[in-house]
There are 2 protein chains.
Amino acid sequence: MGKIEFVTNGTVTSPQGFSAGAVSADIRHKGDNRLDLALLCSQEICTVVGLFTENKIKSPSVVLCMKRAQQGKAKAIVASSGCANASTGEQGFADALEMSMLAAKVIGAKPDEVLIANTGVIGVNLPMPAIRTAMKKLAVKPEGGHDFERAIMTTDTVPKEVAVTYKDGLDTFTIGGVAKGSGMIHPNLATMLVFLTTDADVTPAYLKKSLQEAAAVSFNMISVDGDTSPSDTMLFMANGLAKNETVTGKSALAGVFQQALNQVCIYLAKAIARDGEGATKLIEVNVKGAANLKEARLAARTVVSSNLLKAAIYGNDPNWGRVTAALGRSGAQVEESKLDVYMGKILVLKQGTPVPFDKAKAVTALKQKEVPITVVLNLGKAEATAWGCDLTEQYVVINSEYTT
Amino acid sequence: MGKIEFVTNGTVTSPQGFSAGAVSADIRHKGDNRLDLALLCSQEICTVVGLFTENKIKSPSVVLCMKRAQQGKAKAIVASSGCANASTGEQGFADALEMSMLAAKVIGAKPDEVLIANTGVIGVNLPMPAIRTAMKKLAVKPEGGHDFERAIMTTDTVPKEVAVTYKDGLDTFTIGGVAKGSGMIHPNLATMLVFLTTDADVTPAYLKKSLQEAAAVSFNMISVDGDTSPSDTMLFMANGLAKNETVTGKSALAGVFQQALNQVCIYLAKAIARDGEGATKLIEVNVKGAANLKEARLAARTVVSSNLLKAAIYGNDPNWGRVTAALGRSGAQVEESKLDVYMGKILVLKQGTPVPFDKAKAVTALKQKEVPITVVLNLGKAEATAWGCDLTEQYVVINSEYTT
């Protein structure tokens with residue numbers, strides 16, 4: 001059995017054969033020179049799988065990307081920030097198509113080998129003249145993942161990128177990833193932009209299955225504000241350059257591949273939650289003893305999504321009644337007389353009865369950068385963890401001034 | 001056909017035979033002398049129906065109140081604010097029972113003729129010694145509805161009370177109501193405290209049906225913050241003193257009774273939404289042309305509940321993309337190419353394509369105290385309206401400092 005290790009300064013170009021780059025196309029604010037147009041590509045054609053927003057109003061770029069991802073093969077991803085190309089009518093489809101064609105030219109690929117993702121304001125058309133000009137300056141390099149990540153950020157305050165490597169006597173492979181998202185984030189499939197790469201050789205079926213499993217314990221377990229964007233896209237490209245024994249659902253490597261992918265996805269998901277708009281801390285809700293996994297996840301997500309709890313945590317207020325109130329409306333089976341609740345490591349409710357606790361200690365526990373809350377339902381053996389952030393005045397400030 | 005008219009200074013004691021009163025029991029803050037313990041009663045025994053929180057963790061007071069309301073007859077309601085008596089274990093049941101017994105003594109009723117409701121902090125036991133003392137000073141009077149309302153307020157900034165009277169040649173009856181709630185408010189059955197009274201003679205079956213119908217178009221169509229409290233209670237008492245022809249589902253008066261009750265409930269529901277914690281304005285979302293009523297309501301409620309939209313409205317930002325984003329995730333059938341959206345009266349999206357609009361005019365429309373948003377799905381004939389409020393820094397301030 002080999003070892004999974006984090007790669008120093010790991011990013012989406014850490015796996016073999018991937019390169020990336022970014023330029024400023026002045027999409028959002030003219031003249032700010034911010035990187036906002038980016039390209040990620042593989043020297044070899046990749047097996048690709050994707051997960052997309054479940055919002056019934058999907059951006060034209062998402063519609064195009066879904067169609068191309070369904071073909072199962074791709075070589076590159078073009079992405080931009082500042083304009084989501086969502087709710088943009090017929091023009092939006094034409095622009096998405098042209099943007100992918102321009103990107104294909106940059107790397108000499110076929111247009112249908114290029115996937116696309118845009119993030120930013122809804123209801124505004126892409127500034128195509130500026131994009132055409134900027135695309136000519138776009139070039140890729142092996143260390144370009146860092147620039148790629150910076151170019152897809154919107155209200156994000158920190159880049160979110162990571163890579164892990166697995167090694168044993170026979171095989172070695174790397175999985176890298178970048179993500180953006182700090183608003184319109186809520187438990188749902190692919191609620192942000194996430195781009196994952198690997199040099200592992202993986203069957204299309206297992207690539208899909210592993211991505212679904214990883215999303216279920218990571219990106220589907222975070223919430224910033226309960227909104228789901230029309231642009232959410234998660235893509236996973238595998239180019240096979242590691243020349244490992246092909247990973248299938250039955251192969252010896254399957255377990256470790258899933259484990260490595262989960263590490264990458266949980267790292268990125270927590271980074272998104274921690275960087276929630278206006279957030280000052282990460283909230284981690286652990287639900288234990290649930291009747292089944294579905295209910296454990298439902299309960300954890302509902303608690304971490306409660307505006308009232310999020311505001312209380314911001315104020316370092318050990319108001320655990322907001323935990324039980326959210327739990328009770330989550331839809332998960334709850335028996336009050338069996339319920340234990342911990343704020344930080346402090347037991348505040350035991351078998352449904354309040355436990356006197358040292359309020360000063362509880363306030364100190366809530367003042368940490370990471371605040372764990374644990375709920376023990378004592379009904380079964382299922383567990384789940386969800387992540388979110390506190391709700392602050394700054395969230396309101398950011399979101400009341402977004403387009404004006 | 002007669003007329004429904006608002007009663008000047010109408011409240012829960014406007015219908016014949018009801019009286020109420022309130023005192024300070026210093027439940028929340030010692031020595032502030034704020035009214036916080038209240039009693040409402042009828043001189044005759046009433047037919048009573050109730051709707052209660054769907055939260056799986058119900059307060060002991062709700063559990064007791066549900067049991068008594070199910071008997072179908074009651075004479076009084078004792079209510080308090082400052083402590084919800086929720087998540088209080090066995091002691092909570094004993095306290096709820098004692099509180100109802102003390103109230104029964106005040107008016108010479110049987111304990112099981114007294115209903116109970118408490119609102120306030122969760123997880124703290126009722127201060128029974130203070131309540132015992134205060135209960136001795138509690139008296140009721142015909143104009144006491146106003147004091148009753150003030151005593152049940154928590155973070156509410158304004159009292160919410162109303163009454164309407166119906167008169168025709170033969171019959172006259174009055175319906176009055178009070179409500180509290182400005183946090184933990186979300187579409188769900190009975191998401192706050194609402195007490196309704198009438199002197200009309202109504203069959204128990206029709207009283208229940210009319211209450212359910214009225215709740216569906218009023219209290220179930222408002223949202224402040226997506227949370228549902230363990231204490232939500234809605235009670236409707238009818239004492240029959242108007243001596244009208246008994247209202248049944250088939251009687252001539254049924255339509256006008258429902259209409260009058262809807263007026264009372266919509267008035268109170270809008271008052272709650274407008275007084276949402278930290279709110280500066282009322283948002284009204286009208287969904288038209290939905291495939292069916294269920295989806296119309298779902299769509300309207302989802303849009304009015306979006307944190308991102310609520311923050312944008314606060315900032316007078318006509319960011320209509322947040323309307324379509326919420327609509328798309330609502331679960332209601334939506335076809336982007338058929339969709340029209342109006343911010344105020346300004347058309348911003350027509351058949352899925354953005355319409356250029358005068359931004360200054362849109363900002364002015366959003367600066368009003370009441371902001372209507374209209375979504376036309378063009379898929380059918382169903383309509384629904386939901387109400388909510390903007391999300392402000394003040395919401396965060398209020399909710400980060402609640403128990404500390």
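Let me begin at the rotation axis of this predicted model, where, among the residues of chain B, B:Glu393 comes closest, with its C-alpha at 2.2 Å. The axis itself comes from laying chain B on chain A, which takes a turn of 180° and a shift of 0.0 Å along the axis, and leaves an RMSD of 0.0 Å. That is the relation of a two-fold axis. As for how the copies meet, 100% of the interface residues of chain B are also interface residues in chain A, so the two use the same surface.

Turning now to chain A by itself, we find 11 helices and 16 strands. Its radius of gyration is 22 Å, close to the 22 Å that the globule rule gives for 404 residues, and chain A is therefore as compact as a globular protein of that length. Along the principal axes, its C-alpha atoms fill a box of roughly 65 × 55 × 35 Å, and 62% of its 404 residues count as buried.

Finally, two details of the backbone. Most residues other than glycine have a negative phi. Which residue, then, has a positive phi of about 45° although it is not a glycine? That is A:Gln351, which sits in the loop between strand 13 (346-350) and strand 14 (353-354) of chain A and, because it has 14 C-beta neighbours inside 10 Å, counts as partly exposed. In chain B, B:Asn9 also has a positive phi, near 55°, and belongs to the loop that runs between strand 1 (3-6) and strand 2 (18-23); with 12 C-beta neighbours inside 10 Å, B:Asn9 counts as exposed.

Definitions and conventions:
Residues are numbered from 1 along each chain as its sequence is written. Chains are lettered from A and ligands numbered from 1 in the order in which they are written. This is a predicted model: local features need pLDDT of at least 70, side-chain atom pairs count only at pLDDT 80 or more; totals for chains, interfaces and linings use all residues. Helices (H or I, at least four residues) and strands (E, at least two) are DSSP runs, numbered from the N terminus. The radius of gyration is taken over C-alpha atoms; the globule rule is 2.2 Å times the number of residues to the power 0.38. A residue is buried if 20 or more other C-beta atoms lie within 10 Å of its own, exposed if 12 or fewer, and partly exposed in between; C-beta atoms are placed from the backbone. Copies are superposed by least squares on the C-alpha atoms of residues with pLDDT of at least 70 in both. Two residues are in contact if their C-beta atoms, placed from the backbone, lie within 7 Å.
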